[in-house]
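Subject: Structure handover

Hello,

Here is the structure you will be working with. Please open it beside this message while you read.

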Amino acid sequence: MRLLIDLPTLEQSMKNGDDDWEAQVIASFHVLEKLESRLPEGPVVLNAEWSALHRAFHAAMISACTSERMLLTSSSLFDQAERYRHISARYRTVIKRKSEEHKVLMRAVLKRDIATAQELHQEHVLSTQKNALKALAQWHQDTH
């Protein structure tokens, strides 16, 4: 469901974004990357400040979309996915920093390479979904 909303929202934002939008995308990535570089080893998603900056980065990329309904729906779906990111982080066996993944996505967005940006965003969302499903299966096995 999230991708059904996010992909066209991202596309519209990339088509409409101006210089101020680009600056917002770059700035939100920068503060997210700086924080991540200072965090100790461990699941970054469990850090409240990282989670807030991660949300701000994703919001910045779609902020030039002109449909308030699409933006609100995307925001709601992001918040719902955040719950699953937290669950999967607790069961993660490999520490995965996201800054390189976000940097590649940001570059595609700023180049206005819609196909690449959508593909990268889809991979980003689906990897979270895959990790969450594995974590839920592990939790179920541990508790039953």
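The notes below go through what was found, one topic at a time. Please keep in mind that this is a predicted model.

The core

The largest nonpolar core contains 22 residues. Five of them have the most contacts inside this core: Leu10, Val25, Phe57, Met61 and Val109. Four helices give two or more residues to it, namely α1 (2-16), α2 (19-38), α3 (48-62) and α5 (99-110). Which of these gives the most to the core? That is α3, with six residues. As background, nonpolar side chains in soluble globular proteins tend to be buried together.

Val25 is a useful residue to click on here. With its neighbours within four places in sequence set aside, Val25 is in contact with Phe57, Ala60, Met61, Met106 and Leu110. Two of these partners, Phe57 and Met61, are also listed with Val25 among the residues with the most contacts inside the core.

The pocket

The largest pocket has a volume of about 370 Å³. Its lining is made up of 14 residues, and those nearest the centre of the pocket are Arg2, Ala81, Tyr84, Val125 and Gln129. Three helices, α1, α4 (68-91) and α6, each supply at least two residues of this lining. The largest share comes from α6, which supplies seven residues.

Along helix α6

Helix α6 covers residues 114-143, and four of its residues are described here in sequence order.

Gln118 lies in this helix. Is Gln118 buried or exposed? Its relative accessibility is 17%, so Gln118 counts as buried, the cut-off being under 20%. Leaving out neighbours within four places in sequence, Gln118 is in contact with Leu7, Pro8, Leu10 and Glu11. Of these, Leu10 is also one of the core residues with the most contacts. Glu36 is 82 residues from Gln118 in sequence, and their C-alpha atoms are 24 Å apart in space.

Glu123 is also in helix α6. Glu123 has a relative accessible area of 44% and is therefore partly exposed. Along the chain, Glu123 and Glu101 are 22 residues apart, while 9.8 Å separates their C-alpha atoms.

Leu126 has its place in α6 too. With 35% relative accessibility, Leu126 counts as partly exposed. Between Leu126 and His86 there are 15 Å from C-alpha to C-alpha, and the two are 40 residues apart in sequence.

Lys130 is another residue of helix α6. Why does Lys130 count as exposed? Its relative accessible area is 52%, and exposed means over 50%. Lys130 and Leu39 are 91 residues apart in sequence, with 24 Å between their C-alpha atoms.

The loop before α6

Arg112 is in the loop between α5 and α6. Arg112 has a positive phi of about 65°, although it is not a glycine. At 28% relative accessibility, Arg112 counts as partly exposed.

Rings

How many aromatic pairs does a search of the whole structure find? The search finds one. There is also a charge over a ring: Arg85 lies over the face of Phe78, at 4.4 Å from the ring centre.

A place to start

To find your way around, begin with Val25 and its contacts to Phe57, Ala60, Met61, Met106 and Leu110. Then turn to the pocket and look for Arg2, Ala81, Tyr84, Val125 and Gln129, which lie nearest its centre. After that, follow α6, which gives seven residues to the lining of the pocket.

Regards

How values were computed
Residues numbered from 1 in each chain as written. Predicted model: local features only at pLDDT ≥ 70, side-chain atom pairs only at ≥ 80, totals over all residues. Heavy atoms only, no water. Core = buried A, V, L, I, M, F, W, Y, C linked by side-chain atoms within 4.5 Å. Buried < 20%, exposed > 50% of the residue type's maximum accessible area, 1.4 Å probe, protein only. Contact = heavy atoms within 4.5 Å. Phe/Tyr/Trp six-rings, centres within 6.5 Å; stacked < 30°, edge-to-face > 60°. Lys NZ or Arg CZ within 6 Å of the ring centre and 35° of its normal. 1 Å grid on protein atoms, 1.4 Å probe; cavity = no way out; pocket = protein on both sides within 12 Å on 5 of 7 lines; lining within 4 Å. Points joined across faces, edges and corners; volume = space filled by probe spheres on them.
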